[in-house]
Amino acid sequence: MNIDAASVQNLEIIEPFHSALLGTSNKKRSLFHMLKTTKTIGGTRLLRANLLQPLKDIETIKARLDCLDELMSNEKLFFGLSQVLRKFPKETG
């Protein structure tokens with residue numbers, strides 16, 4: 001599923017609606033910028049793609065939610081994975 005350009009703009013998914021008018025010091029941020037905690041270029045691209053082309057397959061959505069639930073409920077796993085991912089070069093992707 002793709003989101004049309006007007007919806008992307010109106011919902012401020014990638015850029016704040018008035019970013020050009022308000023300048024870079026504007027505290028209003030897009031959904032993309034609020035969620036962007038990625039460490040690699042590939043991660044940034046994947047986040048952007050997932051926002052512009054959201055999943056529609058319920059099984060895939062459930063599997064991802066299960067993975068997130070596991071990470072959030074297992075602190076050792078979460079921080080261990082975080083440490084491993086920090087070792088990847090930023091250009092990975």
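This is a short guided tour of the structure above, stop by stop.

**Start with the whole chain**

Keep in mind throughout that this is a predicted model. Show the chain as a cartoon to begin: you should find 6 helices and 0 strands. Read from the N terminus, the order of elements is α-α-α-α-α-α. The chain has 93 residues, and 15% of them are buried. If you switch on the surface, its accessible area comes to about 7,600 Å², with 61% of that belonging to carbon and sulfur atoms. As for how the chain meets itself, take the contacts between residues at least 6 apart in sequence: 42% of them join residues at least 24 apart.

**Select the core**

Next, select Val8, Ile13, Ile14, Phe32, Leu47, Leu51 and Leu52, and show their side chains. These 7 residues form the largest nonpolar core. Which helix gives the most to this core? It is helix H4, residues 41–52, with 3 residues.

Now centre on Val8, one of the core residues. Setting aside neighbours within four places in sequence, Val8 is in contact with Ile3, Ile13, Ile14 and Leu52. Of these partners, Ile13, Ile14 and Leu52 are themselves listed in the core.

**Move to Glu12**

Select Glu12, in the loop between helix H1 (5–10) and helix H2 (19–22). Is Glu12 buried or exposed? Its relative accessibility is 17%, so Glu12 counts as buried, the cut-off for that being under 20%.

The backbone deserves a look here too. Most residues other than glycine have a negative phi. Glu12 has a positive phi, near 55 degrees.

With Glu12 still selected, display what surrounds it. Leaving out residues up to four places away in sequence, Glu12 touches Phe17, Lys28, Ser30 and Leu31. Two of those partners make good next stops.

**Follow Glu12 to Lys28**

Lys28 sits in the loop between H2 and helix H3 (31–35). With a relative accessible area of 39%, Lys28 is partly exposed. Draw a distance between the C-alpha atoms of Lys28 and Glu12: you should get 9.8 Å, for residues 16 apart in sequence. Beyond residues up to four places away in sequence, Lys28 touches Glu12 and Pro16.

**Then on to Leu31**

Leu31 belongs to helix H3. At 38% relative accessibility, Leu31 counts as partly exposed. How far apart are the C-alpha atoms of Leu31 and Glu12? They are separated by 6.5 Å, while their positions lie 19 residues apart along the chain as the sequence separation. Show the contacts of Leu31, again without neighbours within four places in sequence, and you will find Glu12, Ile13 and Leu51. Ile13 and Leu51 will be familiar from the core, so to speak, as old acquaintances.

**Look at Thr44 on helix H4**

Return to helix H4 and pick Thr44, which is placed there. Thr44 touches Phe32, Lys36 and Thr38, not counting residues up to four places away in sequence. Between Thr44 and Phe32, the C-alpha atoms are 9.2 Å apart, with the two residues 12 apart along the chain. Phe32 is another member of the core you selected earlier.

**Find the aromatic pair**

How many aromatic pairs does a search of the whole structure find? There is 1. To see it, select Phe78 and Phe79. Their ring centres are 5.1 Å apart and their planes stand at 85 degrees, so the pair is edge-to-face; planes over 60 degrees apart count that way. Phe78 has a relative accessibility of 33%, and it counts as partly exposed. Phe79 is partly exposed as well, with 45%.

**Finish on the surface**

For the last stop, turn the surface back on and select Leu81, Val84, Leu85 and Phe88. Together they make a nonpolar surface patch of about 340 Å². Leu81, one of these residues, is in helix H6, residues 75–86. Its relative accessibility is 37%, so Leu81 counts as partly exposed.

Key
Residues are numbered from 1 along each chain as its sequence is written. This is a predicted model: local features need pLDDT of at least 70, side-chain atom pairs count only at pLDDT 80 or more; totals for chains, interfaces and linings use all residues. Side-chain values use heavy atoms; hydrogens and water are left out. A nonpolar core is a set of buried Ala, Val, Leu, Ile, Met, Phe, Trp, Tyr and Cys residues joined through side-chain atoms within 4.5 Å. Buried means under 20% relative accessible area, exposed over 50%, partly exposed in between (1.4 Å probe, protein chains only). Helices (H or I, at least four residues) and strands (E, at least two) are DSSP runs, numbered from the N terminus. Contact means heavy atoms within 4.5 Å. Rings of Phe, Tyr and Trp (its six-membered ring) pair if their centres lie within 6.5 Å; planes under 30 degrees apart count as stacked, over 60 as edge-to-face and the rest as tilted. Patches are made of residues with over 30% relative accessible area and no salt bridge: like charges are joined within 9 Å, nonpolar side chains (Val, Leu, Ile, Met, Phe, Trp, Tyr) within 5 Å. Accessible areas come from the Shrake-Rupley method with a 1.4 Å probe; for residues, only the protein chains shown count as cover. A salt bridge is a side-chain nitrogen of Lys or Arg within 4 Å of a carboxyl oxygen of Asp or Glu.
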